[in-house]
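Q: Please take a close look at one part of this model. I am new to this structure and would value one connected account of that part and of its surroundings.

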Amino acid sequence: MSADQLAQQKTEIRKAAHAARKAQQDKEGVSRRITDRVMQLPEYQSAQCVMWYIDVRDEARTRHALPDALASGKRIVIPYCVDGELELFHLEAMNELETGMYSILEPQAELREVAPKRVDVSELDLILVPGVAFDARGGRTGHGKGYYDKLLENAKPETPLVALAYECQMFDEIPMQDHDIFMDKVVTETRVYDGIGRKV
């Protein structure tokens, strides 16, 4: 398949996935089933330092789970975007967040400069990943901006990558290129898919 055909196929999958995600009924309830399942995973239970994402638009929702995650004694980290790159922030309380551009919940600007709040990707024991569409092998496509790709490339090889998705975001096959990263698991409201993961 040529690069153009591949790009076209990804665009069509993204479009279908966006529509399915938007039409998802009871996003709050379904998302709770997904996050409950994630928090029961052995990988989650054993991780000391976990990166959660904070949901935007129609992504599988996570913010309801953050208070429990914070209360668990684990080190909770969230990403935020600066000039197209994801920076990592050690979250200790929900009141450290504020509503930023595009109504996205993110760390307060003044806290981002506090040295102990800054986290390096190498410190993460588990990374929870959003996305637009997935397949059962752990194939993933995001919005095409590559924010997460850059972050995941620099994560420790043994750090599990776990994607959260509604079942309606699962497709037969996501076209993947050599540089694309497979998830170790994709967790939906109905099942946990074991992905290929990164070749360690």
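**Helix 1 and its surroundings**

A: Ala7 is found in helix 1 (helices being DSSP runs of H or I with at least four residues, strands DSSP runs of E with at least two, both numbered from the N terminus). The model is a predicted one, in which local features need pLDDT of at least 70 and side-chain atom pairs count only at pLDDT 80 or more, while totals for chains, interfaces and linings use all residues. Residues are numbered from 1 along each chain as its sequence is written, and side-chain values use heavy atoms, with hydrogens and water left out.

With a relative accessible area of 39%, Ala7 is partly exposed (buried means under 20%, exposed over 50%, and partly exposed in between, with a 1.4 Å probe and protein chains only). Ala7 is 137 residues away from Gly144 along the chain, yet their C-alpha atoms are separated by 9.6 Å.

Helix 1 has 21 residues, which at 1.5 Å a residue should span 30 Å, and its end C-alpha atoms are indeed 30 Å apart. The expected span is 1.5 Å times one less than the number of residues.

The buried residues of helix 1 are Leu6, Lys10, Ile13, Arg14, Ala17 and Arg21. These residues are on the same side of helix 1, because they cover an arc of only 110° around the axis; the arc is that of the directions from the helix axis to the C-beta atoms. On the other side of helix 1, Asp4, Lys15, Lys22 and Ala23 are exposed. The buried residues pack against helix 2 (27-40), strand 7 (133-134) and strand 8, and contact here means heavy atoms within 4.5 Å.

His18 also belongs to helix 1. At 29% relative accessibility, His18 counts as partly exposed. Not counting residues up to four places away in sequence, His18 touches Val132 and His143. Ala69 is 51 residues from His18 along the chain, and their C-alpha atoms are separated by 28 Å.

Between helix 1 and helix 2 there is a loop that holds Asp26. Asp26 has a positive phi of about 50° although it is not a glycine. Arg57 also has a positive phi of about 50° without being a glycine, and it is found in the loop between strand 1 (49-51) and helix 4. Arg57 is exposed, with a relative accessible area of 57%.

Beyond the loop with Asp26 comes helix 2, one of the elements against which helix 1 packs. Helix 2 has 14 residues and reaches 20 Å from its first C-alpha to its last, close to the 20 Å expected at 1.5 Å a residue. In helix 2, Lys27, Val30, Ser31, Ile34, Thr35, Val38 and Met39 are buried. Their cover includes helix 1, helix 3 (42-46), helix 4 (66-71), strand 6 (126-129), strand 9 (161-164) and strand 10 (185-187).

Strand 9 also borders the loop that holds Pro160, with helix 6 at the other end of that loop. Pro160 has a relative accessible area of 17% and is buried. Leaving aside neighbours within four places in sequence, Pro160 is in contact with Glu43, Asp125, Leu126, Ile127 and Asp184. Pro160 and Met101 are 59 residues apart in sequence and 30 Å apart in space, C-alpha to C-alpha.

Helix 1 has a further role in the description of empty space. Rolling a probe the size of a water molecule over the atoms shows where such space is left. On a 1 Å grid over the protein atoms alone, a pocket is an open set of points where a 1.4 Å probe fits, with protein on both sides within 12 Å along at least five of seven lines; lining residues have an atom within 4 Å of a point. A volume is the space filled by probe spheres set on the points, which are joined across faces, edges and corners.

The largest pocket holds about 930 Å³ of space. Among its 34 lining residues, Leu86, His143, Lys145, Tyr147 and Tyr148 are the closest to its centre. The elements that give two or more residues to this lining are helix 1 (3-23), strand 2 (75-82), strand 5 (105-107), strand 8 (140-141) and helix 6 (147-153). Helix 6 provides the largest share, 4 residues. The lining divides into 17 nonpolar residues (Ala, Val, Leu, Ile, Met, Phe, Trp, Tyr, Cys and Pro), 9 charged (Asp, Glu, Lys and Arg) and 8 polar (the others, Gly among them).
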